[in-house]
Amino acid sequence: MTVPGMHDLVERAADDGEWAITARAWTGAIRVTVGGETSTAHIVDGRLTDVVDGAAEAVGSRDITIAAPPDVWARMIEPVPVPMFQDVQSAQYREGVDVGGDELTKHQYFAALRRFMDLVRASANRVSAVPIESPRRPTRTGTFDHAVGRYVYVDIRGVEHRMYFEEHGPADGIPLILQHTAGADGRQWRHVLEDTGLAEHYRLIAYDLPYHGKSVPPVGVAWWSREYRLEREWLMDAVVAFCRALDLHRPVYMGSSIGGHLAVDLARYRPEHFRAVIGLEASHATPGGYTDWLHHPAISNDSKASVMAGVMSPQAPEAYRRETSFVYSQGWPAAFKGDIYYYCVDHDLTDEAHRIDTALCEVHLLTGSYDYGTPPSASRALADDIKGATFQEMEGLGHFPMSEDPDRFLGYIRPVLAGIRERLG
């Protein structure tokens with residue numbers, strides 16, 4: 001089991017617009033070792049070639065290497081890989097695949113490496129690497145979405161922030177606030193906001209944290225002169241202050257990734273403010289991911305977007321996966337690293353989760369089967385540590401369930417929200 005014939009890969013790459021964009025200006029190689037056999041894909045100024053010339057041979061420092069056992073490689077190139085084999089990075093973290101080479105090159109050209117694997121998978125299965133499916137929707141030209149956006153001024157620790165939010169649902173509905181993931185913004189919830197069934201009983205509110213999306217930095221604070229770092233206490237205070245500014249009485253909270261971690265932190269440290277929390281992709285702790293590569297002058301936001309693509313489900317609609325990555329590519333460059341500080345360092349309920357009282361604040365955890373950053377086993381362990389908490393693995397979903405595959409996600413979350421509403425009477 002090796003890399004498919006180079007001639008076929010070269011032909012596919014020559015006609016592939018995504019490869020041309022992601023590999024531009026790269027001269028080096030991708031060397032794949034499966035078992036004891038190595039195959040080399042040479043790259044000259046972004047062009048994949050099977051002709052080994054002086055330019056290709058001379059650049060060893062710009063090479064990326066992949067080494068995998070035959071059985072692991074076989075699962076990585078299946079038409080629809082099973083969870084933890086869908087991406088080079090997921091296989092590296094969870095299945096022991098060795099991804100080597102120059103670190104800067106790996107971050108700069110991770111999108112190209114992912115596309116290379118798409119081409120390899122397509123070649124191995126003799127299919128096109130260009131998706132033909134997309135979500136089908138009726139023509140809506142001239143109509144308006146249900147969600148309406150506006151700003152509210154929020155005092156967070158004595159600093160006034162102008163926070164943007166969008167909402168849909170009756171003013172007297174059960175407030176449901178929706179927290180986005182690290183480095184992103186409330187657009188991730190746009191599909192959920194449009195669900196008319198949920199909006200019959202819930203007032204859906206998706207906000208942009210300060211320094212994210214349309215919530216620009218506050219005036220009067222020299223934010224540009226200090227490193228942005230999201231800390232747990234400030235984040236909890238910010239969400240409580242936002243709810244206070246909108247006069248929301250004990251809303252239901254739902255968030256994913258940093259938002260999932262925040263769900264259980266709120267249940268532990270601010271339960272009096274929330275009647276229930278829903279944590280998507282949550283765990284006790286997620287150590288080890290906070291590095292300087294997350295905000296580096298030689299690495300663009302393209303890198304963050306391509307890495308995020310790998311934690312999504314290959315079963316999700318291509319258009320929605322690309323949209324999720326698109327949002328990531330637009331964030332303030334410092335925001336992602338700063339948010340990951342909370343995700344990987346400042347959030348740690350290892351010794352505290354068992355203290356959460358679900359009689360004060362319900363806790364519901366759901367995690368996508370394809371999320372290698374927070375695998376379902378980690379969320380299940382967290383739920384087991386919280387008496388009265390619920391857990392459900394979301395089959396066929398990844399780290400961004402609400403945006404990568406909203407229809408499938410709504411099938412999981414509607415019963416949870418219905419149950420909360422019924423218990424509220």
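Q: Let's start with one threonine: does Thr 286 count as buried or exposed?
A: This is a predicted model, where local features need pLDDT of at least 70 and side-chain atom pairs need 80 or more, while totals for chains, interfaces and linings use all residues. Residues are numbered from 1 along each chain as its sequence is written, and side-chain values use heavy atoms, with hydrogens and water left out. Buried means under 20% relative accessible area, exposed over 50% and partly exposed in between, with a 1.4 Å probe on protein chains only. Thr 286 has a relative accessibility of 11%, so this residue counts as buried.

Q: Which side chain is joined to that of Thr 286 by a polar contact of 2.8 Å?
A: Thr 286 is found in the loop between β11 (276-280) and α11 (helices are DSSP runs of H or I with at least four residues, strands runs of E with at least two, numbered from the N terminus). A polar contact is an N or O pair within 3.5 Å, within protein one able to donate a hydrogen and the other to accept it, residues adjacent in sequence counting only if both atoms are side-chain atoms. The side chain of Thr 286 makes one such contact with that of Ser 283, at 3.2 Å. The contact of 2.8 Å is with the side chain of His 261.

Q: How far apart are the C-alpha atoms of Ala 263 and Ile 278?
A: Ala 263 sits in helix α10, residues 258-269, and is buried, with a relative accessible area of 0%. Ile 278 lies 15 residues from Ala 263 along the chain, yet their C-alpha atoms are separated by just 6.2 Å.

Q: What is the phi of Ala 25 near?
A: Most residues other than glycine have a negative phi. Ala 25, placed in the loop between α2 and β1 (28-34), goes the other way with a positive value. The residue is exposed, at 56% relative accessible area. Its phi is near 70 degrees.

Q: What relative accessibility does Tyr 211 have?
A: Tyr 211 also has a positive phi, about 75 degrees, although it is not a glycine. Its place is in the loop between β9 (202-207) and α9 (232-245). Tyr 211 counts as buried because its relative accessibility is 12%.

Q: Which helix gives the most to the lining of the largest pocket?
A: The largest pocket is lined by 46 residues, with Glu 18, Arg 114, Arg 115, Asp 118 and Arg 322 nearest its centre. Helices that each supply at least two lining residues include α2 (17-22), α11 (301-309) and α12 (318-329). The biggest share, nine residues, comes from α7.

Q: How far apart are the end C-alpha atoms of helix α16?
A: Among the buried residues of α16 are Phe 409, Ile 413, Val 416 and Ile 420. An α-helix has 3.6 residues a turn, so residues three or four places apart point the same way. The expected span is 1.5 Å times one less than the number of residues. For the 19 residues of α16 (406-424) that gives 27 Å, which agrees with the end-to-end C-alpha separation of 26 Å.

Q: Which residue follows α16?
A: The residue after this helix has a positive phi, near 80 degrees. That residue is Gly 425.

Terms used
1 Å grid on protein atoms, 1.4 Å probe; cavity = no way out; pocket = protein on both sides within 12 Å on 5 of 7 lines; lining within 4 Å.
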